[in-house]
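Trainee: I am new to this structure. Please take me through one part of it closely, and set that part in the whole.

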Amino acid sequence: MAMQPAPDLTLEGLVHDLRNVLETISDSAELIAADPKHAKLAGTIRRSVQRGARMLTSFHESTLAALELDLILDMAIECSRDFRQAVKGPTIEFTRQIESGLRLRGNPAAWERVFTNLFLNAGQAMEGDGTVAITARGTERGIEILVEDSGPGISPKILPRIFEPHFSTRAKRSGLGLHIVQTIVARHGGEIAASNRPSGQGAMFRITLPRN
Ligand SMILES: Nc1ncnc2c1ncn2[C@@H]1O[C@H](COP(=O)(O)OP(=O)(O)OP(=O)(O)O)[C@@H](O)[C@H]1O
Ligand SMILES: [Mg+2]
């Protein structure tokens, strides 16, 4: 029989230790913030730490009421903006057409991870400035969410493999982003499919979720 890991080596133990790391970064950000010259940078660090702390709760099943899709998108877009600023990358313009009142059931921190990964990928695929268009509507079966970008799109050769763990076309990346996305969507009873935009250039991700 396989041995159970000792309690200090479980996910719970890792989360505990990571919280200490986040606390150190957060305290350091407060020291940096004392210099007005670095106030903006300190803000980015502070938000990143809060994001990390939220993410550490994304394993738990949520008992919270479903969160508005718009609010989840706000958090993921802010993350993508902070990331672009930190790497001094080109900017992305986000557009949204969200049917009013759409809510996502489950863990909001997990949903934040889904959209953050999709937006980071879109930005990393783009050569320069670009756009990400998010469309969401209620359907007969549930909810449909489209994320379309203005990047180069995904070559048909690699399309069948992009959700595989450790599949990446980029140097020094783990290739886990889309696998995480697919796992979280599936855990909420949904599906995700990738394709290229039917009109114009760029990649398109379609998430379909059941009503309940
Ligand atoms: N929006 C996109 N446009 C073009 N190609 C994409 C897009 N999103 C994903 N891909 C392709 O799918 C591959 C897998 O994506 P995934 O997010 O799983 O891994 P990654 O981004 O390479 O690494 P990681 O997410 O671990 O940093 C990418 O390497 C890229 O080739
Ligand atoms: Mg990725």
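Mentor: Start with the contacts. Among those in the protein between residues at least 6 apart in sequence, 68% join residues at least 24 apart. Keep in mind that this is a predicted model.

Next, the outline. The protein has five helices and seven strands. Their order along the sequence is α-α-β-α-β-β-α-β-β-α-β-β. The radius of gyration is 18 Å, close to the 17 Å that the globule rule gives for 212 residues, so the protein is as compact as a globular protein of that length. Along its principal axes, the C-alpha trace spans about 55 × 50 × 40 Å. Of the 212 residues, 37% are buried. The accessible surface comes to about 12700 Å², and 56% of that belongs to carbon and sulfur atoms. There are 25 positive and 24 negative charges, and their mean positions are 4 Å apart.

Now the close look. Take Leu-118 as the way in. Leu-118 sits in helix H4, which covers residues 108-125. Its relative accessible area is 3%, so Leu-118 is buried, the cut-off being under 20%. What does Leu-118 touch, not counting residues up to four places away in sequence? The partners are Val-147, Leu-178, Val-181, Ile-192, Phe-205 and Ile-207. Place some of those numbers on the chain. Strand S5 is residues 142-149, helix H5 is 177-187 and strand S6 is 191-196. Leu-118 is not beside everything, though. Val-15 is 103 residues away from Leu-118 in sequence, and the two C-alpha atoms are 24 Å apart in space.

Move on to Glu-144, in strand S5. Is Glu-144 buried or exposed? Glu-144 counts as buried, because its relative accessibility is 13%, and the limit for buried is under 20%. Its side chain makes a polar contact with the side chain of Arg-206, at 2.8 Å. Arg-206 also appears among the residues that Glu-144 touches, once those up to four places away in sequence are set aside. The others are Thr-135, Ala-136, Arg-137, Thr-139, Ile-207 and Thr-208. Notice Ile-207. Glu-144 touches Ile-207, and Leu-118 touches Ile-207 too.

From there, go to His-188. His-188 is in the loop between helix H5 and strand S6. With a relative accessible area of 17%, His-188 is buried. Its side chain reaches the backbone oxygen of Ile-184 at 2.8 Å. Leave aside its neighbours within four places in sequence, and His-188 is in contact with Arg-105, Gly-106, Asn-107, Ala-110, Trp-111, Leu-209 and Pro-210. Ala-110 and Trp-111 are in that list, and helix H4 runs over 108-125. Leu-118 belongs to helix H4 as well.

Stay with loops for a moment. His-166 and Lys-172 make a useful pair. His-166 is found in the loop between S5 and H5, and Lys-172 is found in the loop between S5 and H5. His-166 is not a glycine, yet it has a positive phi of about 70 degrees. Lys-172 is not a glycine either, and its phi is positive at about 60 degrees. His-166 counts as exposed, at 60% relative accessibility. Lys-172 is exposed too, with a relative accessible area of 87%.

Finish with helix H2, residues 39-55. Arg-51 lies in helix H2. Its relative accessibility is 6%, so Arg-51 counts as buried. Which residues does Arg-51 touch, not counting those up to four places away in sequence? They are Met-75, Glu-78, Cys-79, Asp-82 and Glu-112. Glu-112 ties back to helix H4, whose residues are 108-125. Arg-51 and Ser-195 are 144 residues apart in sequence, and 29 Å apart in space, C-alpha to C-alpha.

Ala-53 lies in helix H2 as well. Ala-53 counts as partly exposed, at 25% relative accessibility. Leaving aside neighbours within four places in sequence, Ala-53 is in contact with Arg-19 and Leu-22. From Ala-53 to Ala-186 is 133 residues in sequence and 23 Å in space, C-alpha to C-alpha.

Definitions and conventions
Residues are numbered from 1 along each chain as its sequence is written. Chains are lettered from A and ligands numbered from 1 in the order in which they are written. This is a predicted model: local features need pLDDT of at least 70, side-chain atom pairs count only at pLDDT 80 or more; totals for chains, interfaces and linings use all residues. Side-chain values use heavy atoms; hydrogens and water are left out. Helices (H or I, at least four residues) and strands (E, at least two) are DSSP runs, numbered from the N terminus. The radius of gyration is taken over C-alpha atoms; the globule rule is 2.2 Å times the number of residues to the power 0.38. Buried means under 20% relative accessible area, exposed over 50%, partly exposed in between (1.4 Å probe, protein chains only). Contact means heavy atoms within 4.5 Å. Accessible areas come from the Shrake-Rupley method with a 1.4 Å probe; for residues, only the protein chains shown count as cover. Lys and Arg count as positive and Asp and Glu as negative; His and the chain ends are not counted. The place of a charge is taken as NZ of Lys, CZ of Arg, CG of Asp or CD of Glu. A polar contact is a pair of N or O atoms within 3.5 Å; within protein, one must be able to donate a hydrogen and the other to accept it, and residues adjacent in sequence count only if both atoms are side-chain atoms.
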